[in-house]
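Visitor: I am new to this structure and should be grateful for a close look at the largest pocket. Please begin with the lining, and then turn to the parts of the chain that supply it.

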Amino acid sequence: MIRAFLAIEVPRSLRAGLWRAGQEAKSREINARFAPAESIHLTVKFLGDAVPLDRTEALEDLVRECVSDLTGFSLALGGLAFLPSLERARLYYCGVKGDLAALKVLQLRV
């Protein structure tokens, strides 16, 4: 079993910038969880904590089929936010802006 999700890869330069922002927050003694730069991504759909490993290839094929007719779209980074709050941060994330309607279509298809 694996923890599985579908994600959009964030360009390396943006991942590096987000990681630096996290390190800046960390230097201010914010207790948030900070992922390594190579792990930063845009989650489209969380599939679960217990997905059978032998099902991943079938899932990949199904997702490709569901989105094969979609075209590319543009997104940009929004502001950083901390959950549950800056004072009690356990996680930080970056919002997105841009063609959110196309992102929603992708999420619904998946």
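Guide: Helices and strands are here DSSP runs, helices of at least four residues and strands of at least two, numbered from the N terminus. With those names in hand, the pocket can be described part by part. The model is predicted, with a mean pLDDT of 86 for the chain and 95% of the residues at 70 or more.

The largest pocket holds about 940 Å³ of space. Its lining consists of 27 residues, and those nearest the centre are S39, I40, H41, L42 and T43. Five elements contribute at least two lining residues each: β1 (2-9), α1, β2 (41-51), β3 and β4 (91-98). Strand β4 provides the largest share, six residues. As general background, rolling a probe the size of a water molecule over the atoms shows where empty space is left.

Two of these contributors deserve a separate word. Helix α1 spans residues 12-27 and has the lowest mean pLDDT among the elements, 81, whereas helix α3 (residues 100-109) has the highest, 94. In general, where pLDDT is low, the predicted coordinates should not be read in detail. One residue of helix α1 is S13, which counts as exposed because its relative accessibility is 56%, and exposed means over 50%. S13 and A37 are separated by 24 residues in sequence, while their C-alpha atoms lie 9.8 Å apart in space.

Strand β3, which runs through residues 75-83, includes L83. The relative accessible area of L83 is 38%, and this residue is therefore partly exposed, a class that falls between the limits of 20% and 50%. Together with L91 and Y93, L83 makes a nonpolar surface patch of about 240 Å².

The charged pairs complete the picture. In general, side chains of opposite charge can pair when their charged atoms come close. The structure contains five salt bridges. In one of them R15 is paired with E9, with 3.6 Å between the closest N and O atoms. The partners differ in cover: R15 is buried because its relative accessibility is 12%, under the limit of 20%, whereas E9 is exposed at 66%.

Another salt bridge joins R64 to D61, the closest N and O atoms being 3.7 Å apart. Both residues belong to helix α2 (residues 56-67) and sit three residues apart, about one turn of the helix. R64 is exposed, at 51% relative accessible area, while D61, at 45%, counts as partly exposed.

A further pair is formed by the side chains of D69 and R109, with an N to O distance of 2.7 Å. This pair links distant parts of the chain, since D69 lies in the loop between α2 and β3 and R109 lies in helix α3, 40 residues away. D69 counts as exposed at 52% relative accessibility, and R109 as partly exposed at 33%. Finally, salt bridges with shared partners bring E60, D61 and R64 into one network.

Methods
Residues are numbered from 1 along each chain as its sequence is written. This is a predicted model: local features need pLDDT of at least 70, side-chain atom pairs count only at pLDDT 80 or more; totals for chains, interfaces and linings use all residues. Side-chain values use heavy atoms; hydrogens and water are left out. pLDDT is the predictor's confidence in each residue, from 0 to 100. Patches are made of residues with over 30% relative accessible area and no salt bridge: like charges are joined within 9 Å, nonpolar side chains (Val, Leu, Ile, Met, Phe, Trp, Tyr) within 5 Å. Accessible areas come from the Shrake-Rupley method with a 1.4 Å probe; for residues, only the protein chains shown count as cover. A salt bridge is a side-chain nitrogen of Lys or Arg within 4 Å of a carboxyl oxygen of Asp or Glu. Buried means under 20% relative accessible area, exposed over 50%, partly exposed in between (1.4 Å probe, protein chains only). On a 1 Å grid over the protein atoms alone, a cavity is a set of points where a 1.4 Å probe fits but cannot get out, and a pocket is an open set with protein on both sides within 12 Å along at least five of seven lines; lining residues have an atom within 4 Å of a point. Grid points are joined across faces, edges and corners, and a volume is the space filled by probe spheres set on the points.
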